[in-house]
Amino acid sequence: MSINATSPESNLAAQATANIDRLVRWADDFPVEGVRFADLTPVFADADGLSTVIGALAEVGAGADLVAGIDARGFLLGAGVALALGSSAP
């Protein structure tokens with residue numbers, strides 16, 4: 001699947017949600033009791049999963065001139081979204 005924010009096949013949000021549900025690993029009581037940690041590493045390692053997440057985010061941010069990715073996951077996703085939108089990443 002190519003990343004294209006203007007694609008008419010716009011059910012990317014549903015596809016991204018399905019891929020996230022399928023791929024995310026959950027760790028209960030990590031790093032401390034009462035916290036449920038979501039490990040997104042498998043999403044980044046899956047071409048279709050990563051592509052649909054970036055595509056869905058780009059679709060929501062269509063028209064943005066600048067994309068800022070905050071923190072570790074944001075750096076990874078922000079660059080992909082900026083690339084999909086043809087905009088800048090700081």
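**Notebook: helix faces and packing**

I began with helix α1 and looked up which of its residues are buried, and found L12, A16, N19 and L23. I note here that the model is a predicted one, and that every value below is computed from it.

Looking down the axis of α1, I found that these buried residues fall within an arc of 65°, so they line one face of the helix. As background I wrote down that an α-helix has 3.6 residues a turn, so residues three or four places apart point the same way. On the other side of α1 I found D21 and R22, which are exposed. I then asked what covers the buried residues of α1, and the list includes β1 (25-28), α2 (41-45) and α3.

I checked the length of α1 (residues 12-23) as well: its twelve residues should span 16 Å at 1.5 Å a residue, and its end C-alpha atoms are 16 Å apart, which agrees.

**The chain as a whole**

I stepped back to the protein chain, in which I counted four helices and two strands, and which follows the pattern α-β-β-α-α-α when read along the sequence. The chain has 90 residues, of which 31% count as buried. I also looked up how contacts are distributed along the sequence: among those with a separation of 6 or more, residues 24 or more positions apart account for 45%.

**G49**

Next I turned to G49, which has its place in helix α3. Is G49 buried or exposed? I found its relative accessibility to be 0%, so G49 counts as buried. Leaving out residues up to four places away in sequence, I listed N19, L23 and V43 as the residues that G49 touches; N19 and L23 are also among the buried residues of α1 that opened this entry. For I20 I noted a C-alpha to C-alpha separation of 6.9 Å from G49, although the two are 29 residues apart along the chain.

**α3 against α4**

How do α3 and α4 pack? I recorded an angle of about 65° between helix α3 (residues 47-60) and helix α4 (residues 71-85), with their axes 9 Å apart, and a right-handed crossing where α3 passes α4. On the α3 side the contact is made by L50, V53, I54, L57 and A58, which meet L77, G80, V81, A84 and L85 in α4. I sorted the residues of this contact by kind and obtained nine nonpolar, one polar and no charged.

**α4 and what follows**

For α4 itself I looked up the buried residues, which are G74, L77, G78, G80, V81 and A82; L77, G80 and V81 also take part in the contact with α3. What covers the buried residues of α4 includes α2 and α3. The 15 residues of α4 reach 20 Å from the first C-alpha to the last, close to the 21 Å expected at 1.5 Å a residue.

I then followed the chain past α4, where G86 comes next with a positive phi near 70°, and where S87 is found in the segment after the helix. With a relative accessible area of 19%, S87 is buried, and I kept in mind that the cut-off for buried is under 20%. My last look-up was the set of residues that S87 touches, not counting those up to four places away in sequence, and these are A64, D65, L66, V67 and A82; A82 is itself buried in α4.

Definitions and conventions. Residues numbered from 1 in each chain as written. Predicted model: local features only at pLDDT ≥ 70, side-chain atom pairs only at ≥ 80, totals over all residues. Heavy atoms only, no water. Axes fitted to C-alpha atoms, helices over the stretch in contact; angles between N-to-C directions. Left-handed = near helix turned anticlockwise from the far one by under 90°. Contact = heavy atoms within 4.5 Å. Nonpolar A, V, L, I, M, F, W, Y, C, P; charged D, E, K, R; others polar. Expected span 1.5 Å × (residues − 1). Buried < 20%, exposed > 50% of the residue type's maximum accessible area, 1.4 Å probe, protein only. Arc of directions from axis to C-beta.
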